[in-house]
Amino acid sequence: MKKILLICSLIVTLFSCSTSGYEDISLSDVRVDNFSFQSSSQIQLILGMKVDNPTNKTISITDANLNVYQGESNIAVMQLDAPTVIAPKTNDYNTAVMQIQVKNILALIGLNPEDSSLLDKFEVEGFVKVKSGIAVKKIKIDRMSARNLLQSLK
C-alpha cells in the first residue's frame, strides 16, 4: 500500500511539472518522510522530494484529488492537505502532505508493500491543480494502472 500511495503522490508532483514552459523542472530523491494512521480509515502521508526548479517562476500545487481503484472498487481517495510551493531558481527539499481516506479497508488486507506486482493491482484517476503566477491549470489524470502511469512519466 505504501508503494501505491508513494507513486500516486509522485504522480501529483510530476504532473504539476508538466505545465507549459516547465520542462526543465526535475524531481529526485523521493521518499516517505512519515506514514501514519490517523484512524482505521484515515492515513496521513508526508512525502519528501528534492525539486530542482531552474525557472524564474514560483510553482504551487494548490489541489490534488486522486481516486485509487482495485478492480472496479474505489478503495481510497487521496487529497493534498495543504498547498506545496516550489520556489524559483531553487534546488531544495520540499514536502507534500496527503490525506488518504480508505473506503474499503478489506481490500488492503494481505497486500505486501514489498511486492513488485503491487503497482499492477491498483489504478488511479483524478486531477491536480497547479498555479504559476496568475495562471491556474487543472490537469486531469485519466484512469490507468499505477505502473503505466509511472512508466509514462519517465
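## The nonpolar core

Start on the inside of this predicted model. The largest nonpolar core has 29 residues, and the members that touch the most others are Leu45, Val68, Ile75, Met78, Leu80, Ile100 and Val128. Try finding those seven in the structure above. The elements that each give two or more residues to this core are strands E2 (42-53), E3 (59-70), E4 (73-80), E6, E7 and E8 (135-145).

What share of the protein counts as buried? Of its 154 residues, 45% do. The cut-off behind that word is a relative accessible area under 20%.

## The overall layout

Now step back and look at the whole chain. There are 2 helices and 8 strands. If you walk along the sequence, you meet them in the order α-β-β-β-β-β-β-β-β-α, so the strands here, as DSSP runs numbered from the N terminus, carry the labels E1 to E8.

Contacts also reach across the sequence. Take the contacts between residues at least 6 apart: 65% of these join residues that are at least 24 apart. As for the outside, the accessible surface adds up to about 7,700 Å², and carbon and sulfur atoms account for 49% of it.

## The E7 and E8 hairpin

Strands E7 and E8 are a good pair to look at together. They run antiparallel to each other, paired over 9 bridges. One spot to check is Gly126, which sits opposite Ile141 in E8. The hairpin that E7 and E8 form has 2 residues between the strands, and in this hairpin Gly133 has a positive phi near 65°.

A salt bridge also links these two strands. The side chains of Glu123 and Arg143 meet at 2.6 Å, N to O. Since Glu123 is in strand E7 and Arg143 in strand E8, the pair ties together parts that are 20 residues apart in sequence. Are these two partners buried, partly exposed or exposed? Glu123 counts as partly exposed because its relative accessibility is 29%, and Arg143 counts as partly exposed because its value is 30%.

## Another salt bridge

How many salt bridges does the structure hold? There are 2. Besides the Glu123 and Arg143 pair, the side chains of Asp142 and Lys140 meet at 3.2 Å, N to O. The general idea is simple: side chains of opposite charge can pair when their charged atoms come close.

Asp142 has a relative accessible area of 44%, so this residue is partly exposed. Lys140 comes out at 64%, so this one counts as exposed.

## A nonpolar patch outside

Nonpolar residues turn up on the surface too. Ile105, Leu106 and Ile109 make a nonpolar surface patch of about 330 Å². Where is Leu106 placed? You'll find Leu106 in the loop between strand E6 (90-102) and strand E7 (123-132). With 63% relative accessibility, Leu106 counts as exposed, because the cut-off for that word is over 50%.

## A lysine with a positive phi

One more residue deserves a look. Most residues other than glycine have a negative phi. Lys89 is not a glycine, yet its phi is positive, at about 55°. Lys89 is placed in the loop between strand E5 (84-86) and E6. Is Lys89 buried or exposed? Its relative accessible area is 57%, so Lys89 is exposed.

Definitions and conventions. Residues are numbered from 1 along each chain as its sequence is written. This is a predicted model: local features need pLDDT of at least 70, side-chain atom pairs count only at pLDDT 80 or more; totals for chains, interfaces and linings use all residues. Side-chain values use heavy atoms; hydrogens and water are left out. Patches are made of residues with over 30% relative accessible area and no salt bridge: like charges are joined within 9 Å, nonpolar side chains (Val, Leu, Ile, Met, Phe, Trp, Tyr) within 5 Å. Accessible areas come from the Shrake-Rupley method with a 1.4 Å probe; for residues, only the protein chains shown count as cover. A salt bridge is a side-chain nitrogen of Lys or Arg within 4 Å of a carboxyl oxygen of Asp or Glu. Helices (H or I, at least four residues) and strands (E, at least two) are DSSP runs, numbered from the N terminus. Buried means under 20% relative accessible area, exposed over 50%, partly exposed in between (1.4 Å probe, protein chains only). A nonpolar core is a set of buried Ala, Val, Leu, Ile, Met, Phe, Trp, Tyr and Cys residues joined through side-chain atoms within 4.5 Å. Contact means heavy atoms within 4.5 Å. Two strands pair if DSSP finds at least two bridges between them.
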